[in-house]
Amino acid sequence: MKQTLLLGTRKGLIVCRKKHGNWKISDLHFEGVPVSIAYADERNGTWWACLDHGHWGVKLHRSSDEGRSWSEVTAPAYPEGAEIKPGEAATTRYLWSVQHGGVHNPNRLWIGTEPGGLFRSDDGGDNFQLMETLWNYPDREKTWFGAGRDTPGVHSIFVDPRNEDRVLVGVSVAGVFETTDAGKTWVARNKGMKAEYLPDPDSEVSQDPHILVAAPTNPDVIWVQHHCGIYRSVDSGHSWQDVSDVNGIAKFGFGIAVAHDNPNQAWVAPGTSDEKRVAFGNALCICRTDDGGQSWQTFRKGLPQENCFDIVYRHALAAAGDDVVFGTTTGNFFTSNDRGESWELLSNYLPMVYSVQMI
Amino acid sequence: MPTVKFTYALRRFFPSLKDTEVNTTSLPDLLQSIDAHYPGIRSYVVDERGALRKHVLIFIDGEVINDRDNLSDAVKENSEVHIMQSLSGG
């Protein structure tokens, strides 16, 4: 059973521990510093903190003793000559995703960044190399747009446990891309997605997955909370089906979580819409499907139901066992121990929550 | 030799930081020199291109430098170089 939460927040890395069945805040690291992602590598217990110093740039820190001590390592950096577009040099603006490279590649680590570069380390994070072939994907400068942030960002990385050289990434206003050779070659995997904000909604690129999560028990089943709906693939991303709730509210949002034991069970945190990025109806709820997106239930018990403006960011919703947790843009943090059917408030005065991981 | 002085804000990351004399009159070399004293500090001041980070300021004898990309502003033998943060966010 997972007993620890790592929260990346606007004002530091917050650790919560479960004691006697209740989550309690236990530790704070990097006080006052924005932590875009807090990540624990389940292979070796290493904790990673992606920092976004306003003045001093993005930094990467790791800890081998659960945060008792941290050391800074060189953050992924774009090589000489890399350009966002002609004449605009690429530099690392944000670290937006971290994922270990699998048990058969114990020293491999992936990091996704803004302005759109994916990096791989093969020495446990001491050094990172830009995946040039994805960075040089045809027409990237023209078809990768960036959305809420100024430039595209790699926010999702899925490493297939059956073949660790097969990796899917999700990139904001660019789409889903797949490699089967550890990053040497890439193909777009967005068939079936609809980009309603484009002249051609069926475009193979410029799609806007907000987050991509594969089902732990069946990695062929992949869920995407997209800018224009919720998508599910049952063929490893080769095709996507829109499973949004056409008559309900499960459509627009950022986060998605998938059950550890059921590829058909997933949770989303609906916002009103693209134009109104607030909790749906100014009331907070979590929607769950148990049948692969054919139907959705809405759960509100324990969640505020008026004057509510929270959005759940893409990395801030997580599930493991019967536990589901989420943090919001206004610093609320809720936990459930019955798969989202009822909720307890952990805190309503945290900093803006960027990420949460259960370990 | 030029003396480099630092904003207090950098002491959080480099607690031993103090006024440091450097044996160069080139700003890029000056940053390499202080990085040798305080490993890693250069990456807090400039990005991987060597350009000054957006919210960092360098003053030479009280004047803000002009060339934020290549740091070509002249440093004199007896200059005081301040590395500061620009205030942002009110």
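Two strands count as paired if DSSP finds at least two bridges between them, and strands themselves are DSSP runs (E, at least two residues), just as helices are runs of H or I with at least four, all numbered from the N terminus. What you have open is a predicted model, where local features need pLDDT of at least 70, side-chain atom pairs count only at pLDDT 80 or more, and totals for chains, interfaces and linings use all residues. Residues are numbered from 1 along each chain as its sequence is written, while chains are lettered from A and ligands numbered from 1 in the order in which they are written.

**Stop 1: β14 and β15, chain A.** Select 154-159 of chain A, which is strand β14: 6 of its 6 residues are buried (20 or more other C-beta atoms within 10 Å of a residue's own; 12 or fewer is exposed, in between is partly exposed, with C-beta atoms placed from the backbone). Now add 167-171, strand β15, which pairs with β14(A) in the antiparallel sense over 5 bridges. Click V159(A) and you'll find its bridge partner in β15(A), V167(A).

**Stop 2: a sheet early in chain A.** Here's an open sheet of 4 strands, ordered β4-β5-β6-β7 with antiparallel pairing. Its edges are β4 (35-40) and β7 (71-73), each pairing on one side only. The twist averages 25 degrees from one strand to the next (axes are lines fitted to C-alpha atoms, for helices over the stretch in contact; angles run from 0 to 180 degrees between N-to-C directions). Pick β5 (47-53) next: 5 bridges tie this strand to β4(A), antiparallel. One of the bridge pairs to show is I37(A) with C50(A).

**Stop 3: another sheet in chain A.** Move to β26-β27-β28-β29, an open antiparallel sheet of 4 strands. β26 (317-320) and β29 (344-347) are the edge strands. Select β28 (333-336), joined to β29(A) by 3 bridges, again antiparallel. T335(A) stands opposite E344(A) there.

**Stop 4: helix α1, chain B.** Switch chains and select 27-37. Which residues of this helix are buried? L27(B), L30(B), L31(B) and I34(B) are. Look down the axis of α1(B): the buried residues fall within an arc of 100 degrees, so they line one face of the helix (the arc is that of the directions from the helix axis to the C-beta atoms). Their packing partners in chain B are β1 (3-6), β2 (20-21), α2 (42-45), β3 (56-60) and β5 (80-85), with contact meaning C-beta atoms, placed from the backbone, within 7 Å.

**Last stop: confidence.** Colour chain B by pLDDT, the predictor's confidence in each residue from 0 to 100. The chain B average is 94, and 97% of the residues score at least 70. For the complex, the predictor gives an ipTM of 0.84 and a pTM of 0.94.

Technical notes: Contact = placed C-beta atoms within 7 Å.
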